[in-house]
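Dear colleague,

Please find below the structure for your examination. My findings follow directly after it.

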Amino acid sequence: MACREEGKTVQAALDLLHTLRPSISEILNGSPSVKVRLDTMDVLKSNNVEGNVNAHVLFLGPRGVHEEDKRLWNVCNLINQSFRSAGFVTDTRPLKLHCTILNTSHRRPRGNIPFSYSDILASDVGRNVLVPAPASGTTARAVNFGTYDVGRVELWEMGSHGHNNEYVSCGGIGF
């Protein structure tokens, strides 16, 4: 997070995050973690051209149908709304909990070239393993990439590169 506005520092964001700990603990009923299911695969930044869905982002995420998913959403919405109210988040898009698997937006050497999600869905794996999500007309597919215990929320510096080319953590809080 590289905030340049007065008062919009990484430390101010961390301070705000720390003030949310009691509310997060209340949502989680004192549990030290929340379970995150990666049970949906879908795309972002997509378009449909002549029945072929092309996209730039392939992601996994929680479907949101389990009680634990609701607790996860409640925690994430609390954090998101608090950071919006404080002016740290100015993006107006709705919150989208996801784990990016593929992002072609910055593909090199030629740039902004999408992949064919339709080809993935038409492949052997797409036909035999991926189950269409309940909502008709959606590109989402039910998958099972496991359930993970998450016991922390952290702020990460976008565009930074750590030892393993991961984003660099600026700090966070445990639940």
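D39 is buried at 6% relative accessibility (buried means under 20% relative accessible area, exposed over 50%, partly exposed in between, with a 1.4 Å probe and protein chains only). Its partner in a salt bridge is R63, with the closest N and O atoms 3.7 Å apart; the term requires a side-chain nitrogen of Lys or Arg within 4 Å of a carboxyl oxygen of Asp or Glu. R63 itself is partly exposed, at 39%.

This is a predicted model, in which local features need pLDDT of at least 70 and side-chain atom pairs count only at pLDDT 80 or more, while totals for chains, interfaces and linings use all residues. Residues are numbered from 1 along each chain as its sequence is written, and side-chain values use heavy atoms, with hydrogens and water left out.

The count of salt bridges comes to six. Among them, D69 pairs with R37, the closest N and O atoms being 3.8 Å apart. This pair links helix α3 to strand β1 across 32 residues (helices are DSSP runs of H or I, at least four residues; strands are runs of E, at least two; both are numbered from the N terminus). D69 is buried, at 0% relative accessibility.

Another salt bridge joins K35 and D149 at 2.9 Å, N to O. K35 lies in strand β1 and D149 in strand β8, 114 residues apart. K35 is partly exposed at 37%, whereas D149 is exposed at 51%.

Yours faithfully
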